[in-house]
Amino acid sequence: MVQPKLVVCDHPLLKHKLAHLRDKRTPPAEFRRLMQEAGAILGYEATRGIGSRKTSVLTPIKASPAEVLAAPVALVAVLRAGLGLMEGALSLYPEARIGHIGLYRNEETLNPVRYYVRLPKDLNKSFVVLCDPMLATGGSAAEAVRILKMDGARKIALISLLAAKDGIRRVHQDHPDVAVYAAAVDAKLNSVGYIVPGLGDAGDRLFGT
Ligand code: PRP
Ligand code: URA
């Protein structure tokens with residue numbers, strides 16, 4: 001049986017950025033920049049799972065043993081708020097193929113509603129980093145993983161800025177093979193499904209809507 005994996009990244013830089021992302025006074029331009037930077041740190045942690053394969057290269061002096069990534073990387077953003085995290089992860093691996101999954105939460109049921117899916121080819125051969133900054137009920141992330149798997153993805157890591165305990169439980173219940181990388185775990189959701197203390201509505205804060 002697969003042991004579900006949760007990694008809470010404890011790097012002080014990430015904690016510092018999260019403090020400013022949580023702060024309600026942080027304006028959209030700064031929020032976007034911080035979200036990108038957090039995406040690079042979380043993407044760095046998540047891509048440890050790819051592994052490497054041995055090769056050799058010719059330096060200007062002589063042949064040298066080297067290691068390269070064992071699989072290509074695909075980055076998939078859950079729209080809208082996943083775009084911010086994905087930009088940061090992309091700075092680590094600019095060759096990545098990119099996919100988009102459009103989901104929004106129905107405000108009454110909190111169930112995800114799908115409105116757009118466009119994914120790169122050959123997902124089955126790629127290491128997929130799914131970017132969704134907020135894991136609240138976990139419904140959106142679980143649905144995004146289901147869509148990726150339907151398209152052939154086999155190795156998936158989820159990066160989230162904030163994860164609520166309920167959301168982690170939901171993703172791991174539906175997809176125990178998916179490792180979750182988060183900057184922090186918050187204890188609960190409020191009566192309208194927002195993470196407490198959270199950072200508010202990530203999409204609205206990113207895009208100033
Ligand atoms: C937010 C967030 C996640 C989702 C998390 O998206 O970006 O995708 O909510 O909630 P869940 O874990 O309960 O499913 P939202 O539906 O607000 O759409 P937006 O990013 O377009 O604002
Ligand atoms: N989506 C958000 O953007 N924030 C939350 O707290 C929960 C879902």
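Begin with the aromatic rings of this predicted model: a search of the whole structure finds 1 aromatic pair. To bring the pair into view, select Tyr 104 and Tyr 115, whose rings are 6.0 Å apart centre to centre, with 35° between their planes. The arrangement counts as tilted, because that class takes in planes that are neither under 30 degrees apart, which would be stacked, nor over 60, which would be edge-to-face.

Next, colour the two strands that carry these rings, β5 (residues 97-105) for Tyr 104 and β6 (residues 112-118) for Tyr 115. Since each partner belongs to its own strand, the pair ties together parts that are 11 residues apart in sequence.

Now move to ligand 2, and display the residues around it: Arg 105, Met 134, Ala 136, Gly 193, Tyr 194, Ile 195, Gly 200, Asp 201 and Ala 202. Coloured by character, this shell divides into 5 nonpolar, 2 polar and 2 charged residues.

With the ligand still selected, turn on the backbone atoms of three members of the shell. A polar backbone atom of Ile 195 is 2.8 Å from an oxygen atom of ligand 2, and a polar backbone atom of Ala 202 likewise lies 2.8 Å from an oxygen atom of the ligand. At Gly 200, the ligand's partner is a nitrogen atom, again 2.8 Å from a polar backbone atom. Of the 240 Å² of accessible area that ligand 2 has on its own, the protein covers 88%.

Finally, show the protein surface and hide the ligand, and look at the space that ligand 2 takes, which is the largest pocket.

Note on methods: Residues numbered from 1 in each chain as written. Chains lettered and ligands numbered in written order. Predicted model: local features only at pLDDT ≥ 70, side-chain atom pairs only at ≥ 80, totals over all residues. Heavy atoms only, no water. Near = heavy atom within 4 Å. Polar contact = N/O pair within 3.5 Å; in protein donor to acceptor, adjacent residues only side chain to side chain. Areas by Shrake-Rupley, 256 points an atom, 1.4 Å probe, with all protein chains shown as cover. 1 Å grid on protein atoms, 1.4 Å probe; cavity = no way out; pocket = protein on both sides within 12 Å on 5 of 7 lines; lining within 4 Å. Sits in = over half its atoms within 2 Å of the grid points. Nonpolar A, V, L, I, M, F, W, Y, C, P; charged D, E, K, R; others polar. Phe/Tyr/Trp six-rings, centres within 6.5 Å; stacked < 30°, edge-to-face > 60°. Helix = DSSP H or I, 4+ residues; strand = E, 2+ residues; numbered from the N terminus.
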